[in-house]
Amino acid sequence: MSQTLLEASGITHSFDTLLFSNVNLRLNAYESMAIIGRSGSGKSTLLHIFSTFIKPNEGSVKLFGNELYIQKDNAIEALRRYDIGIIFQFHYLFKGMSAMENIEVASMLSGEVIDAEILEKLEIKELMGQRIGDLSGGQQQRVSIARVLSKKPRIIFADEPTGNLDKETATLVMKVLLDYIKQTGACLLLVTHDEQMAELCDSVYRLKDKVLV
Ligand SMILES: Nc1ncnc2c1ncn2[C@@H]1O[C@H](COP(=O)(O)OP(=O)(O)OP(=O)(O)O)[C@@H](O)[C@H]1O
Ligand SMILES: [Mg+2]
């Protein structure tokens, strides 16, 4: 049986009002899962809970078999640096630096080498010398995905990674992400509005009426 990389049980969280209650899920190595739901249903919040950034009001999150929110700050830092790859809904590239410099920062921090094949597959190899500010939104998004993959994460959290992309480019990005997990034994948790992209994952859950089904 495949190793469980993420296990969440009984997750309940509210800000001003209750967002969701008793969310349970398990994600194994080599697996991809999509969570779909309407704007404001709490998808990004759920992803932040799974990826070390928000401690839920109730429930347990285990990453790589270890309870997450009882760990010391430096252990959580190490998880973020080496093991978790997060593709944010709004990317955080350094605008004044070139695409290559942005990717180098990530691989330097994690001690991994950049995989030229990933740049080629994402069709951004030719753009590496350009400043981020001079790239289109979709090109920037693909650079941010390359930056995440170049640190060789064991689990990828992706929040609308294809939001700025046309269908053809979106499908290409999904293929790169799915190939990566099949090759490395990582897993992917995708959050999206896009049903077609969600269908490319092994399983699809829906966040609706405050529960995950
Ligand atoms: N840090 C916060 N403090 C207070 N309220 C928050 C915070 N983060 C999110 N919320 C609220 O929680 C709700 C869910 O937000 P969230 O970003 O998780 O939704 P989402 O499903 O990702 O939406 P979208 O599809 O538009 O990205 C929203 O009503 C939002 O205003
Ligand atoms: Mg969101």
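**View 1. E123 in the loop between helix 4 and helix 5.** E123 counts as partly exposed because it has 14 C-beta neighbours inside 10 Å; a residue is buried if 20 or more other C-beta atoms lie within 10 Å of its own, exposed if 12 or fewer, and partly exposed in between, with C-beta atoms placed from the backbone. E123 is not a glycine, yet its phi is positive, about 60°. The loop that holds E123 follows helix 4 (116–121); helices (H or I, at least four residues) and strands (E, at least two) are DSSP runs, numbered from the N terminus. This is a predicted model, in which local features need pLDDT of at least 70 and side-chain atom pairs count only at pLDDT 80 or more, while totals for chains, interfaces and linings use all residues. Residues are numbered from 1 along each chain as its sequence is written, and chains are lettered from A and ligands numbered from 1 in the order in which they are written.

**View 2. D209 in the loop between strand 9 and strand 10.** D209 also has a positive phi, near 50°, and is a residue other than glycine. With 9 C-beta neighbours inside 10 Å, D209 counts as exposed.

**View 3. The open sheet and its edges.** Six strands make up this sheet in the order 6-7-8-3-9-10, with mixed pairing; two strands pair if DSSP finds at least two bridges between them. Strand 6 (84–87) and strand 10 (211–212) are the edge strands, each with a single partner, so one side of each has no neighbour in the sheet. Strand 6 pairs in the parallel sense with strand 7 (residues 155–159) over four bridges, and I86 has F157 as its bridge partner in strand 7. Helix 5 (residues 137–149) lies across strands 6 and 7 and runs at about 175° to strand 6.

**View 4. Strand 3 inside the sheet.** Five of the five residues of strand 3 (residues 32–36) are buried, so the strand is largely enclosed by the rest of the structure. S32, A34 and I36 cover one side, and M33 and I35 the other. Strand 3 pairs in parallel with strand 8 (residues 187–192) over five bridges and is joined to strand 9, also in parallel, by four bridges. A34 has L190 as its bridge partner in strand 8 and stands opposite V204 in strand 9.

**View 5. The shell around ligand 1.** Among the residues that surround ligand 1 are F15, L19, K43, Q89 and H193. Helix 1 (residues 43–50) gives the largest share of this shell, three residues.

How values were computed:
Near = placed C-beta within 6 Å. Contact = placed C-beta atoms within 7 Å. Axes fitted to C-alpha atoms, helices over the stretch in contact; angles between N-to-C directions.
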